[in-house]
Amino acid sequence: MHISLLLGLLLINAACSPTEQSFPNIVWLTTEDNAPHHMKLYNDQGASMPAIEKLAKEGIVFDNAFSNAPVCSVARSTLITGCYAPRVFTQFHRRAQHVPLPQGLMPFPFYLRQAGYYTTNSHKQDYNFILPEGVWDESSKKATYKNRKPGQPFFHVQNHTVTHEGSLHFNQKAIDNTADEDLEHIKVFPYHPDTKTFRYSYHHYHNRHVLADQQMGEFITDLEEQGLMEDTIIFYFGDHGGVLPRSKGYAYESGLQVPLVVYVPEKWKHLFHHSKGSRAETFVEFVDLAPTVLSLAGVSPPEGIDGTAVLGAYSEASKIEKKNTSFGYADRFDEKYDLVRTLRVGKYKYIRNYQPFNKDGLFNFYRYKMLAYQEWEALYNDGKLNALQRQFFESRGPEGLYDIDQDPHEVNDLSASPDHQEILLQMRKQLQQKLLALPDLSFYPEPYLLDHALENPVVFGQNNQDEIKELMMVADLNLSRFEEVQEQIKQALSDDNPWKRYWGLVVCTSFGEKAKSLAPQIKNILEQDDENLVRTRALEYLLLNQKSVDHRIVDTLLKNAKSETEANLILNSLALVKSSRPQMKFNLSKEIFPPEWYDKPNDLVNRRMDHLIGNP
Ligand SMILES: [Ca+2]
C-alpha cells in the first residue's frame with residue numbers, strides 16, 4: 001500500500017468536498033455457473049436480464065472475461081488470491097487438504113481492510129486454501145455492508161445460487177409437464193442432441209437466469225434507495241462458466257468464459273479506460289480481478305500475484321489495450337481426473353490435453369445427476385448421435401485449435417489443418433513457456449504433491465522447476481509421431497525418476513496400439529515397478545489396448561494405495577477402462593479399502609467404487 005498515494009487522494013477528495021467519500025465502494029454481484037452464451041446481453045438466444053442490462057448501459061460489458069478454471073473451488077481460489085491455481089496448489093476440486101497460501105500473500109480483501117475498507121462476503125467461500133484471519137469483517141449468509149462505520153468505504157460480495165448446477169437436477173416429470181410448443185424457440189448448441197430433455201434444460205436454465213436477475217435487481221434497488229449508486233462501483237460476473245453438459249467441468253469456453261459487466265458511477269469514471277455504455281475487448285481473467293479491485297481502491301497490488309489490474313489507479317491504458325490472452329486449467333473434478341491446459345490468444349483457442357485418452361464424457365457422479373447427461377450418454381451408446389454430438393464421449397487429440405470467431409462452440413478442430421500449423425506451433429510454445437514459468441505443479445500426481453508440496457507449494461515448485469521441465473518434455477512426446485520419439489519413450493520408461501516412467505506410460509497410452517512394440521517393457525513395469533501409481537499407468541495402457549493381464553494385479557494395486565487420493569486416481573483409470581471396454585468385469589469389493597474411506601456417501605472413493613461395482 002502506498003500510504004503517500006492514499007493520503008494524497010484523501011487530501012484531493014477532501015479538498016473537493018468534505019462530505020463526499022474519498023474512495024468508491026465496490027460490490028461484486030456473482031451468480032453461480034453462468035456463461036455469456038446463455039445471456040441476451042451476449043447472445044440473442046439467451047435469457048433477458050433487465051437489471052444487468054441496465055447496469056451495462058451505465059457501465060462496461062467485457063466481451064472476453066474468463067474464470068481460469070471451469071469449476072467453483074478452483075475458480076474462487078483463483079479469484080480471491082490473484083494467483084494461478086496450478087502454481088499455488090489450489091487446482092484440484094475440491095482440495096484433499098487445504099493448502100497454505102504463498103508466504104507473505106493474503107487474499108485481497110485483507111489489503112482493502114488494511115486500507116480502511118469494510119469487507120463482507122455473503123457468503124460462499126469454497127476456497128482450496130487455509131483462510132487466514134483478517135480477510136473479512138463478516139462472511140456469512142447475513143453478511144452486509146450496512147454494519148460499516150459512517151462514511152467507511154466497503155467491499156461486498158453477494159453470491160446468487162439460483163442458477164447453480166443443483167437447480168438443474170429436476171426430474172422427468174418436469175420435462176413431461178412442459179408443452180413442446182413452449183420449447184419450440186430453443187436452439188441447442190451443435191454438440192448437444194436436439195431432444196426435449198435438452199431443450200427443456202436450456203429453457204429451465206434460462207428461467208433461472210431471470211430469477212437471478214430479479215434478485216440482483218432487488219439488491220441494486222436497495223443501493224439506490226440508500227443513495228449509494230454514485231459512490232458504488234458494481235461488478236456482475238458468473239463464478240465460472242455455464243452448467244449445461246460440456247461446460248462446468250470442461251475447459252471449453254462454455255466452462256471458462258464468464259459474463260462481466262462493470263457499472264461505472266459518473267463520479268468515478270476517471271478510474272476507467274473505457275467509456276460508459278461501451279463494450280470492451282480487453283481480456284480479463286479471474287487472476288486480474290484481485291489487483292483490479294485493489295487498484296480501484298487506490299491500493300497497490302501486492303508482489304507475487306499473477307494478475308494485472310485492468311481498471312483503477314494502478315492499471316495502464318497501453319497495457320490494457322493490447323491484453324488479449326487468457327489461461328485455463330482443468331485438473332480433478334470430484335472423483336474425475338483430467339489434466340487440460342488452455343490458452344486463448346485473440347480469436348484462437350489452443351487446448352492441450354495431457355491425457356487425451358481421458359474422454360470428457362467419463363462418468364462423474366455429480367455431473368451425471370442431470371438428466372441431460374444421462375440421456376446424452378444413452379444416445380451415444382445407442383449410436384444415435386452425429387459426429388459433433390459424439391465428440392464428448394470419444395478420445396480427444398493431444399492438442400486442439402479453434403477459431404472462436406468462426407466456431408464459438410469449439411467443434412471444428414483446426415490442429416491438423418495445414419493452414420494453421422504456424423499458429424498452432426506458436427501457441428503450443430507460448431503455453432509451454434507459461435507452464436514452465438509458473439511452474440505448473442500438476443506434472444506430479446496429486447497424492448505425491450500432498451506428501452511433498454503441502455508445506456509450501458510455491459517454494460516446492462521453484463525448487464523442482466528443472467525436474468518439472470524434464471517431466472513436461474516427456475509428457476510432450478505425444479505431440480510427435482511415435483516412430484520419431486520411440487527411443488525417447490523407451491528411455492523415459494527405464495528412467496530412475498518414477499514420474500518420468502509415469503509420463504512415459506501416459507504417452508504410450510496416448511499412442512495406443514502404435515506403441516505396442518513397448519508392451520513387453522510396459523508389462524515388466526506393471527509387475528516390478530517400485531511405485532504403485534507407475535504400475536497403475538502400465539495397467540491402464542495394457543487394459544485399454546486389450547493386452548492380457550492377470551486381473552489379480554488390480555486388487556494388489558488398490559490394496560497398495562496409501563491414501564484415498566491415490567486410490568481415487570487408480571479408480572479413475574479403472575473407470576476409463578470400464579467405459580472403453582464395457583464387457584470387461586472387475587471383481588471389485590468395497591472391503592479392499594479401510595471402512596473410513598466410505599464414511600460419507602459423497603466420499604470420492606465411495607462414488608467411484610459404486611460406479612465400478614454397478615451400484616446405482
Ligand atoms: Ca459455481
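Reader: Where is His123 found, and which residue shares its cis peptide bond?

Author: Happy to start there, keeping in mind that this is a predicted model. His123 sits in the loop between strand E3 (118-122) and E4. Omega of its cis peptide bond is about -15 degrees, and the partner in that bond is Ser122.

Reader: There is also a cis peptide bond at Pro439; which loop holds Pro439?

Author: That bond joins Leu438 and Pro439, with omega of about -15 degrees. As for its place, Pro439 is in the loop between helix H13 (421-437) and helix H14 (446-452).

Reader: What is phi of Asn68, and where does Asn68 lie?

Author: Asn68 lies in the loop between E2 and helix H3 (72-81). Asn68 is a residue other than glycine, yet its phi is positive, near 70 degrees.

Reader: Now to the sheet: in what order do the strands come, and which are the edge strands?

Author: Eight strands make up an open sheet with mixed pairing, and their order is E4-E3-E5-E1-E6-E7-E2-E8. Two of them pair on one side only. Those edge strands are strand E4 (138-139) and strand E8 (278-285).

Reader: How many bridges join E1 to E6, and which residue of E6 does Thr31 stand opposite?

Author: Strand E1 (residues 25-31) and strand E6 (residues 232-238) run parallel, and the bridges between them number seven. Thr31 stands opposite a residue in E6, namely Gly238.

Reader: Which strands do H7 and H9 touch?

Author: Both helices pack on the sheet. H7 touches E1, strand E5 (154-160) and E6, and its direction makes about 155 degrees with that of E5. Helix H9 (residues 286-296) has a direction at about 115 degrees to that of E8, and the strands it touches are E1, strand E2 (59-66), E5, E6 and E8.

Reader: H7 also packs with H11; are they roughly parallel or antiparallel, and why?

Author: Helix H7 (residues 196-225) and helix H11 (residues 371-381) have axes 9 Å apart and an angle of about 155 degrees. Angles over 145 degrees count as roughly antiparallel. Therefore H7 is, relative to H11, roughly antiparallel.

Reader: Which residues meet there, and what are their classes?

Author: From H7 come Thr197, Phe198 and Ser201, which meet Leu371, Ala372 and Glu375 in H11. By class, the residues in this contact of H7 with H11 are three nonpolar, two polar and one charged.

Reader: How do H20 and H22 run, parallel or antiparallel, and why?

Author: The axes of helix H20 (residues 532-544) and helix H22 (residues 564-580) lie 10 Å apart, at an angle of about 0 degrees. An angle under 35 degrees counts as roughly parallel, so H20 and H22 are roughly parallel.

Reader: Which classes of residue make up the contact of H20 with H22?

Author: On the H20 side, the residues are Asn532, Leu533, Thr536, Leu539, Glu540, Leu543 and Leu544. They meet Glu566, Leu569, Ile570, Ser573, Val577 and Ser580 in H22. Sorted by class, the contact has seven nonpolar, four polar and two charged residues.

Reader: Finally, how many residues does each of domain 1 and domain 2 bring to their contact?

Author: The domain assignment gives domain 1 (3-39 + 47-168 + 203-323), domain 2 (340-422) and domain 3 (440-613). The C-alpha centres of domain 1 and domain 2 are 30 Å apart. On the side of domain 1 that touches domain 2, the residues are six nonpolar, one polar and two charged. The contact takes nine residues from domain 1 and 15 residues from domain 2.

Definitions and conventions
Residues are numbered from 1 along each chain as its sequence is written. This is a predicted model: local features need pLDDT of at least 70, side-chain atom pairs count only at pLDDT 80 or more; totals for chains, interfaces and linings use all residues. Axes are lines fitted to C-alpha atoms, for helices over the stretch in contact, and angles run from 0 to 180 degrees between N-to-C directions. Helices (H or I, at least four residues) and strands (E, at least two) are DSSP runs, numbered from the N terminus. Angles under 35 degrees count as roughly parallel, over 145 as roughly antiparallel, 65 to 115 as roughly perpendicular and the rest as oblique. Two residues are in contact if their C-beta atoms, placed from the backbone, lie within 7 Å. Ala, Val, Leu, Ile, Met, Phe, Trp, Tyr, Cys and Pro count as nonpolar, Asp, Glu, Lys and Arg as charged, and the others, Gly among them, as polar. Two strands pair if DSSP finds at least two bridges between them. Domain bounds come from an automatic or database domain assignment.
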